[in-house]
Amino acid sequence: MFKEGYKYFEHSLTGKELLFYQKTYQAIKNRDVSIAFDYHDVASERAREIVKYVFEDNPSFFYFSPYKIIYAAGFPSFIFFNYFYDDKQIEKYENDIKYIIMRFFDEYNVLELPVYNRILIFHNFISSLCTYDQVVADGGIGVNEDYNIIGVFQGKEAVCYGFSQVFKLLCDYANIDCLIIRGDVGGAHAWNMVEYHGKFYHIDVTWDLSKGKNKGLLGAYTYFMVDDEWILKSRTINQEAHYPISHGIENTLFGKKGYVVKDTYNLENYFYNRLLEYPKEIVVYVEDHQMNSTIVHQAYDKASQRFCLKVNRKMRYSSISTYQQYSIACIKVGDIL
């Protein structure tokens with residue numbers, strides 16, 4: 001097995017639900033075919049939810065899916081597990097992935113980095129390594145590996161559940177408390193929360209993912225170390241799990257890096273300096289609620305004209321949100337070929 005880390009869901013359960021979690025954990029660890037339980041202790045739907053918690057606490061359990069269990073009602077009730085790989089294949093995957101993780105940790109001296117930098121490098125590592133499975137993006141059904149850590153490390157493509165599992169696994173190896181969040185964005189979605197300086201923040205690697213990874217691009221940071229108010233602008237959160245409360249955006253990359261301007265008069269220079277970094281997405285926090293679409297477009301056009309002596313970068317579209325004392329502009333950019 002991989003190194004085990006923070007288990008938010010196990011710590012959040014009590015009584016008979018905790019006993020059911022622990023029984024499920026041990027069964028999956030041993031790769032038992034089934035478990036029996038009393039539905040008077042844990043109702044069927046709650047049992048299914050707790051099986052998901054076990055999977056989300058333990059990236060080591062990549063060899064099964066909580067969505068492919070079989071529930072048999074009765075007294076006792078049973079849950080049957082479907083394992084994707086045999087023992088030999090599981091061991092090979094574990095050894096291969098451990099090697100990749102250790103090589104990555106050694107190359108970048110990960111454990112010697114400040115905690116914030118570890119979190120950031122994990123975000124960038126996944127963004128630069130992997131792509132979203134286009135079959136699923138087009139409405140098709142993905143393979144099992146899209147939803148666990150194998151897709152990222154072996155196939156180089158996955159979906160949100162797989163990315164979230166990998167992010168948690170890396171955090172487990174780096175001694176960072178991390179959990180997986182489930183919600184809805186017009187469809188099921190998963191992302192992470194991490195603990196930093198006693199507070200939890202949301203990270204959605206999937207929505208920050210760069211499709212240009214082969215060009216060395218890292219992706220965006222729109223959903224990096226954000227709080228509940230920001231994340232809820234784009235989704236709902238599964239209420240049954242009672243996730244940690246998150247408040248404050250001081251530890252977003254933009255807050256940390258100083259990607260904040262006092263007023264709209266400084267936007268042109270800000271956009272120009274960001275274009276020099278060649279991002280796919282530009283985010284700016286402006287301490288001015290008077291900012292509007294016209295101001296943003298005019299400032300970007302002027303900055304782009306200055307920058308186009310090197311390469312012309314066209315604004316694809318922009319959005320403006322209001323958050324506490326900030327107006328926040330998010331601009332997607334691309335090259336004109």
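Here a colleague asks a modeller about the terms used for this predicted model.

Colleague: What are the ground rules?

Modeller: Residues count from 1 along each chain as its sequence is written, and side-chain values use heavy atoms, leaving out hydrogens and water. The model is predicted: local features need pLDDT of at least 70, side-chain atom pairs count only at pLDDT 80 or more, and totals for chains, interfaces and linings use all residues.

Colleague: What is the mean pLDDT of the chain?

Modeller: The mean is 89. pLDDT is the predictor's confidence in each residue, from 0 to 100. 95% of the residues reach 70 or more. Among the elements, helix H2 has the highest mean, 98, and strand E13 the lowest, 77. Elements are DSSP runs numbered from the N terminus: helices (H or I) of at least four residues, strands (E) of at least two.

Colleague: Why is Ser246 called buried?

Modeller: Its relative accessible area is 4%. Buried means under 20%, exposed over 50%, partly exposed in between (1.4 Å probe, protein chains only). So Ser246 counts as buried. Ser246 sits in the loop between strand E10 and helix H11.

Colleague: What makes the link from Ser246 to Phe200 a polar contact?

Modeller: The Ser246 side chain reaches the backbone oxygen of Phe200 at 2.6 Å. A polar contact is a pair of N or O atoms within 3.5 Å; within protein, one must be able to donate a hydrogen and the other to accept it, and residues adjacent in sequence count only if both atoms are side-chain atoms.

Colleague: How do you know that E7 and E8 pair?

Modeller: Two strands pair if DSSP finds at least two bridges between them. 5 bridges join E7 to E8, so they pair. The strands run antiparallel. Tyr196 has Lys199 as its bridge partner in E8. In this hairpin, with 2 residues between the strands, His197 takes a positive phi near 50 degrees.

Colleague: How many bridges join E8 to E9?

Modeller: There are 2 bridges, again antiparallel. That meets the minimum of two, so E8 and E9 pair. Ile203 is bridged to Phe224 in E9. Strand E8 is mostly covered, with 4 of its 5 residues buried.

Colleague: Why does Asp57 count as buried?

Modeller: Its relative accessibility is 2%, under the 20% limit, so Asp57 is buried. Asp57 lies in helix H3. Its side chain makes a polar contact with the side chain of Tyr21, at 2.7 Å. Asp57 is also in contact (heavy atoms within 4.5 Å) with residues including Tyr6, Phe9 and Lys168.

Note on methods
Lists of a residue's contacts leave out its neighbours within four places in sequence.
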